[in-house]
Structures are given as C-alpha cells and as structure tokens.
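Work through these short exercises with the model open. Try each task before reading its solution.

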Amino acid sequence: MASERQHSPQHSLPSRLSRRSLIGGTAAAVGAAALTATSAGTASAAAKRDVDVAIVGAGLAGLTAARDLVAAGKSVVVLEARDRVGGRVMGLSLPGGGVTEGGGEFIGPTQDRIRALADSLGVATFSTYNSGNNLLYKDGKKTPYATDGILGSVPPIDAAGLANAAIVQATLDDLAKQIPVDAPWTAPKADEWDRQTFESWLRANAVIPSAKFLFDVACTSIFSAEPRELSLLFVLFYIAAAGNAANPGTLERLTETANGAQELRFVGGSQLVPIKLAATLGDRVVLNAPVHTITRSGGTYAVTADGITVNARRVVVALPPPLAARITYDPLLPAARDQLTQRLPMASVGKAIAIYDTPFWRADGLNGQVVSDTGVISSTFDNSPPDASYGALMGFIEADEARKLDAASEAEVRAAVLKDYTTYFGAKAASPTSFVLQRWNNEAYTRGGPVSIAAPGVLTQYGPALRAPVGGIHWAGTETSTYWMGFMDGAVRSGERVAKEVLAVL
Ligand SMILES: Cc1cc2nc3c(=O)[nH]c(=O)nc-3n(C[C@H](O)[C@H](O)[C@H](O)COP(=O)(O)OP(=O)(O)OC[C@H]3O[C@@H](n4cnc5c(N)ncnc54)[C@H](O)[C@@H]3O)c2cc1C
C-alpha cells in the first residue's frame, strides 16, 4: 500500500497525454488502453468546425446522443468544459493503485439503458459487497442487522415505528403510481402535491419519530437534500421514475442494495463507460472547451467555447439545468425555460473514501453499510474492489452536512469523516492508508449533485419547459429523463431520446 496522503481529484496528466487529449488524467489510472492522444480532440486557437449537431457536455447524456447521431450518419462535435469526459461520473485514482468512484457508481434492476451501454462497450459489472450485517447507529447505540430478514433491510427501529414506516412507504409507492413520468405536472393531484414539501408531508404521515428518522435518512441518501428542500410532487415523480415501462418505480428500488439501485458496480470503475464511449467518437470530442454562448443566425447556431466555434444546424445542451443557465443564449430563451433553470438547483453532495490494507469490517460480520442519525456521514458502502486486494469505505456527505463542510479544509473533512468511520467500524478505521475526497459543490462544471432538485411550485409551473426544444436547441441530461432521472441510466436515456428528437427534424 502507498503511504498515506491526502488526494486531490485534480490529477496531473501523464506526460504522454496532451492537455487536450481525450481522456484526461484519470483514464490512464483506469487503464483505458486504446485511448491515446491520437484520438484526442484539439481546440487550437480559434478553431472552427461546421457540423450537423453541436453537443454541449461530454457526460453520459451528451456522449450517448453523439453515438446515436453518428450512427445515423450525422456529423457532430461534443464540446466539454473539463479536461476529461464523464461529468458526474468520475474515477479517482488511488495512491497505491486502483481506482474508486467520486461520483455515479452503482446500477441496478430496470436501469436497462446504462446496462446495455456498458455491455456494448465491454465494461463488466460485479455485485456491491452485501454479505453480512448492516449497521444502525442511532441514539449513540450500534445495532447490526441482517439485510435478508423478514423486514428486508429495514433498520431495526421500534415496532410502532416499523408499522408506521411500512404504511408510509406503501402510501408513497401508491401515490407515485398516479404520476405520469413524462409529465408529472399533469398528475390528477399535481397541484396539491406540489404545494407541500416532503418534510410537511412526512410530519403529517411519519408520525412516529423513529419512522420519520428512516425517511429523513432515505431522503438525504437518495437526493442529497433535506426533506424541507423538496416538493412532494418531485419526490413522487422520482419514485415513479425508479423503474421502466414494464415495472412501476418503487421507493424500495431506490434505497436497496440487493434488487435495488445500489446492486452492481463496474469493474475498473464507472468512468470506464464514458471513457470507452468517447473513444468511439475520436476527435469529435473536444476537451477543455467550456461553452459560453449559443447564437442563432438564420437557420444555424454558432456555439462558442474557449478556443473553438462550432456552427451547427441543431444544438444539444446536455448539462444539468442550472449549468445550462450559465450559457448566454442569443436570442434570449423563452422566460419559462430560463425561469425553470433558475429554480432547479443542484443538491449538495460529497464522497469520502478511506482506503485500508484490508476490508477489516468484513471479519466482524459487517457489510460496510451504515445508517446513522449523526455525524457528517450517515450512509456508507464497502467500495473495495472485486478481489478485495484492499479495503475501501465510501461515505456520502450530504445536504446540510455537505454545505457545512464546503469551506472546510480537506484535513478538517478527513478528521470528521474518520471520526464517524471509527464510531461505526472501530479503531482500525482511524488509520487508513490513503483518503480521497470529492466535493461536488465546489466543482466548477457541476456545482453540486447528484441531481437538480425541485421545491414546491416548480414542476407544476415550469415543468413543461424541461424538455421542450427552443428553436433548434434541444435539451438532454439526466434531469430530462422520464425513467431514472438523476441516475446514469437517466442520462443515457436522455441522450437516446434527444438523438431521436433531433433526427426527426434533421
Ligand atoms: C456523488 C454522486 C453520486 C452519484 N451516484 C450515482 C450512482 O451510484 N448511480 C447512478 O446511476 N448515478 C449516480 N449519480 C448521478 C449520475 O452521476 C448522473 O445522473 C449522471 O452522470 C449525469 O450525466 P449527465 O450526462 O446528464 O450530466 P453530467 O455528467 O453532469 O455531464 C454534463 C457535462 O457537461 C460539462 N459542462 C458543464 N458546463 C459546460 C459548458 N458550459 N460547456 C461545456 N461543457 C460543460 C460537464 O463538465 C459535464 O462533463 C451520482 C452523482 C454524484 C455527483
């Protein structure tokens, strides 16, 4: 194992790769063999390109759209602000070798499109470590509990709380069934549900404190937002979206590891998917090219980024809505579209991964998954590699806790995180061999995560502007997806949908 050191996600690039190479520093760490500087897009000073479609953003959404448009014979350029592809999917190389995920990581049942994409690129999956007991840390007490008991993996709170929680969960699932995933604002009770926060609804329904605690933790784990920040309609839509056309979404599918959204991980790290996808696009992907303006002139658009202007008949903006709002549009976007993007902020999230010589908690019968009512980390996973050649404990820093730490030094965050890990897993957790931290709130081209969230009144008033094209400008990104909005699968679905939308008019 390498000696311990703090690790910044801003890797230095290996010398054989240029600043504008396709894959950026992380890719070298994850061993994307076929990728070299020769496949790199270059944005030499004041470069110009004329294409059918300019795509803004080389996350999974933008890259998927590009794949489908190229397959249909269209010329495309993908302009990416960062020096790497993948956006919210990001590999962090570890000092001792190996890679772990700083962003999107898990996939699960009904996430068919990310699964199909990964399969097509030869990126294999493995099961998230889930053997042994979960750990509940509540009121200063640790309680291990089985994940395959009669209650599934529901934490062992008091009987009254469990009964209340079961009713609340069933109610949420039932209400979610009334949500049309392509237009939640048209649900029969959309106005009523969009008038209240999830917090106020929980206070009226999760009346036993221990039940309320379970939904509070579920909320921050799913959205990285507090219940008071979310519209009930938005929460119901998110539950409805956690499925596919054949399987209605459920809250359980969002929260579970086995049979849920945390079931599988990608061998070699999730960023291999966008890296390999980008490799198929070659120099159509241009890195270090933040887009500043999109200007219409007659029937074409000039998309201007640092060092390059792309003239295109159609534009796909594959960014989270608040980031799309930072581009200057000429002519102005319709008010409804701009005001929508003013009202869909990113939630607040970070990930802290401590590396150990071994996944020592496994010997104690623990699977590394914690649910806690305290600390900066209230939800953890065992992020060790499939061969367990080292141990990795990953914890989410979410919502209020993330905001509290935005301005803290890495050393301060590390100390707070390791204090929690030691509380949950014992003294060995205090001494990792390395520690990696990814704080999305402080990332220029994401500014939070995992997803944009909607407070009351947003979906019913502005929802229809979410996907509606504006002239030749089309919108993609996971936030525009009908299924698995907020997830990698939603990003891929949105790329596939927007490519069809563009092909229908080109
Ligand atoms: C901490 C965290 C954990 C997560 N966990 C999971 C998980 O376990 N499973 C899961 O499925 N999902 C997870 N997600 C969500 C998932 O990562 C996202 O839903 C998905 O990656 C979004 O893809 P996208 O293409 O829509 O957007 P992005 O990945 O955000 O892509 C947008 C791209 O646009 C670029 N960009 C921004 N502004 C500009 C500009 N002006 N010009 C040019 N380019 C620009 C960005 O750099 C970025 O590359 C997680 C996210 C986070 C942050």
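**Exercise 1: a backbone outlier**

Asn259 sits in the loop between helix 9 (251-255) and strand 9 (264-266). Helices (H or I, at least four residues) and strands (E, at least two) are DSSP runs, numbered from the N terminus. The model is predicted, so local features need pLDDT of at least 70, side-chain atom pairs count only at pLDDT 80 or more, and totals for chains, interfaces and linings use all residues. Residues are numbered from 1 along each chain as its sequence is written, and side-chain values use heavy atoms, with hydrogens and water left out.

Task: What is phi of Asn259 near?

Solution: Phi of Asn259 is near 60°. That is a positive value in a residue other than glycine.

**Exercise 2: cis peptide bonds**

Task: Where does Pro331 lie, and which residue does a cis peptide bond join to Pro331?

Solution: Start with the place. Pro331 is in the loop between strand 14 (328-330) and helix 12 (335-342). Next, the bond. Asp330 is joined to Pro331 by a cis peptide bond, with omega about 5°.

Now take Pro450. Its loop runs between strand 19 (434-439) and helix 15 (458-462). Gly449 and Pro450 share a cis peptide bond, and omega is about 5°.

**Exercise 3: a helix pair**

Task: At what angle do helix 4 and helix 7 pack?

Solution: Find helix 4 (residues 159-176) and helix 7 (residues 209-223). They pack at about 45°, with axes 7 Å apart. Axes are lines fitted to C-alpha atoms, for helices over the stretch in contact, and angles run from 0 to 180 degrees between N-to-C directions. Helix 4 and helix 7 are therefore oblique to each other (under 35 degrees is roughly parallel, over 145 roughly antiparallel, 65 to 115 roughly perpendicular, the rest oblique).

**Exercise 4: the ligand shell**

Task: How many residues surround the ligand?

Solution: The count is 35, taking residues with a heavy atom within 4 Å. The closest are Glu80, Arg82, Arg88, Thr478 and Met488.

Then list polar contacts (pairs of N or O atoms within 3.5 Å; within protein, one must be able to donate a hydrogen and the other to accept it, and residues adjacent in sequence count only if both atoms are side-chain atoms):

- A ligand nitrogen is 3.1 Å from a polar backbone atom of Ala81.
- A ligand oxygen is 3.0 Å from a polar backbone atom of Gly486.
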